[in-house]
Amino acid sequence: MKALMLMLVLLLGLASCGDPDNLQQYTLDVRTRPGAAPEPVPPVSSYVPEPYQPASQRSPFALPVLEVAATAPPAAAYCTAPAMRGPKQPLEHYALERLSMRGTLQQGGLITGLVSAPDGITHTVTPGDRMGLHHGEVRVVSRERIVLEEYLSDGRGCWNRRESTLLLVSKEQECAVCKQ
């Protein structure tokens, strides 16, 4: 232990034996170096006052008057509109292009369509069910297609009807799409 302490004292003693003249010379060299030139001051643009003409402008001491936004013309009474019924059904969260008819089930005289959603879940649909983003309502379910009526807004408060069809996807068509 005493040997370790002796070594430590010797190392500290040798570390302090540096040349002070060298440090003073370095400090003097740094102080005598020329400094970087300062950046030029940007030119100041001249101020041109604008004359105040009270006849054409409001008084600066009066509160501003609120402007009323132009309202859209009221919807005509003869416009059709989709029936807004309750919460959205699961297939109303997907665009019709992302849904595919996979088959049908028949019990008695009622044909039920099988529709596959992008999340991989297959849903059953019957006439009256809703699907697609445009308030689509299933009108007819047959063995090879599902016909539905959609409502598209014209932006003025009225709705335009459009008939859309979802066709049955065969195995050959499915494989052809996968290969593309």
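Here is a walk through the fold, the salt bridges and the largest pocket of this chain. The model is a predicted one.

Let's begin with the overall layout. The chain has 180 residues, and 21% of them count as buried. Its secondary structure consists of 3 helices and 7 strands. If you follow the sequence from start to end, you meet these elements in the order α-α-β-β-β-β-β-β-β-α. Contacts across the sequence matter here too: taking the contacts in the chain with a separation of 6 or more, 41% are between residues 24 or more positions apart.

A good place to zoom in is glutamate 92. This residue sits in the loop between α2 (20–32) and β1 (100–107). Is glutamate 92 buried or exposed? Its relative accessible area is 7%, and because buried means under 20%, glutamate 92 counts as buried. Setting aside neighbours within four places in sequence, glutamate 92 is in contact with Pro87, Arg130, Met131, Gly132 and Leu133.

Arginine 130 deserves a closer look among those contacts. The side chains of glutamate 92 and arginine 130 make a polar contact at 3.3 Å. The pair also forms a salt bridge, with 3.3 Å between the closest N and O atoms. Arginine 130 belongs to strand β4 (residues 130–131) while glutamate 92 is in the loop between α2 and β1, so this pair, 38 residues apart, links distant parts of the chain. Both partners, arginine 130 and glutamate 92, are buried.

How many salt bridges does the count come to? The count is 4. Another of them pairs arginine 139 with glutamate 149, whose closest N and O atoms are 2.8 Å apart. Here the link runs between strand β5 (residues 136–141), which holds arginine 139, and strand β6 (residues 145–153), which holds glutamate 149; the two residues are 10 residues apart. Their surroundings can be told from accessibility: arginine 139 is partly exposed at 41% relative accessibility, whereas glutamate 149 is buried, with a relative accessible area of 18%.

Strand β6 also supplies a partner for arginine 162, namely glutamate 150. The closest N and O atoms of the salt bridge between arginine 162 and glutamate 150 are 2.7 Å apart. Arginine 162 lies in strand β7 (residues 159–167) and glutamate 150 in strand β6, so the salt bridge ties together parts 12 residues apart in sequence. Arginine 162 is partly exposed, at 35% relative accessibility, whereas glutamate 150 counts as buried at 1%. Elsewhere, salt bridges that share partners join Glu137, Arg139 and Glu149 into one network.

It is worth staying with glutamate 150 for a moment. Besides the salt bridge to arginine 162, the side chain of glutamate 150 is joined to the side chain of serine 164 by a polar contact of 2.7 Å. Leaving aside neighbours within four places in sequence, the residues in contact with glutamate 150 include Leu96, His134, His135, Gly136 and Asn160. Arg161, Arg162 and Ser164 are also in contact with glutamate 150.

Next, look at aspartate 129. This residue is in the loop between β3 (122–125) and β4. The side chain of aspartate 129 reaches the backbone nitrogen of threonine 126 at 2.9 Å. Not counting residues up to four places away in sequence, aspartate 129 touches Gln89, Thr124, Gly136, Glu137 and Val138. One of these, glutamine 89, is 40 residues from aspartate 129 along the chain, and 8.0 Å separates their C-alpha atoms.

Finally, let's turn to open space. Rolling a probe the size of a water molecule over the atoms shows where empty space is left. In this model, the largest pocket holds about 200 Å³ of space. Which residues lie nearest the centre of the largest pocket? Of the 14 residues in its lining, they are Ala83, Met84, Glu92, Arg130 and His135. The lining of the largest pocket divides into 6 nonpolar, 3 polar and 5 charged residues. Some familiar names return here: Glu92 and Arg130 lie among the residues nearest the pocket centre, and this is the pair joined by a salt bridge. His135, also listed near the centre, is in contact with glutamate 150.

How values were computed: Residues numbered from 1 in each chain as written. Predicted model: local features only at pLDDT ≥ 70, side-chain atom pairs only at ≥ 80, totals over all residues. Heavy atoms only, no water. Helix = DSSP H or I, 4+ residues; strand = E, 2+ residues; numbered from the N terminus. Buried < 20%, exposed > 50% of the residue type's maximum accessible area, 1.4 Å probe, protein only. Polar contact = N/O pair within 3.5 Å; in protein donor to acceptor, adjacent residues only side chain to side chain. Contact = heavy atoms within 4.5 Å. Salt bridge = Lys/Arg side-chain N within 4 Å of Asp/Glu carboxyl O. 1 Å grid on protein atoms, 1.4 Å probe; cavity = no way out; pocket = protein on both sides within 12 Å on 5 of 7 lines; lining within 4 Å. Points joined across faces, edges and corners; volume = space filled by probe spheres on them. Nonpolar A, V, L, I, M, F, W, Y, C, P; charged D, E, K, R; others polar.
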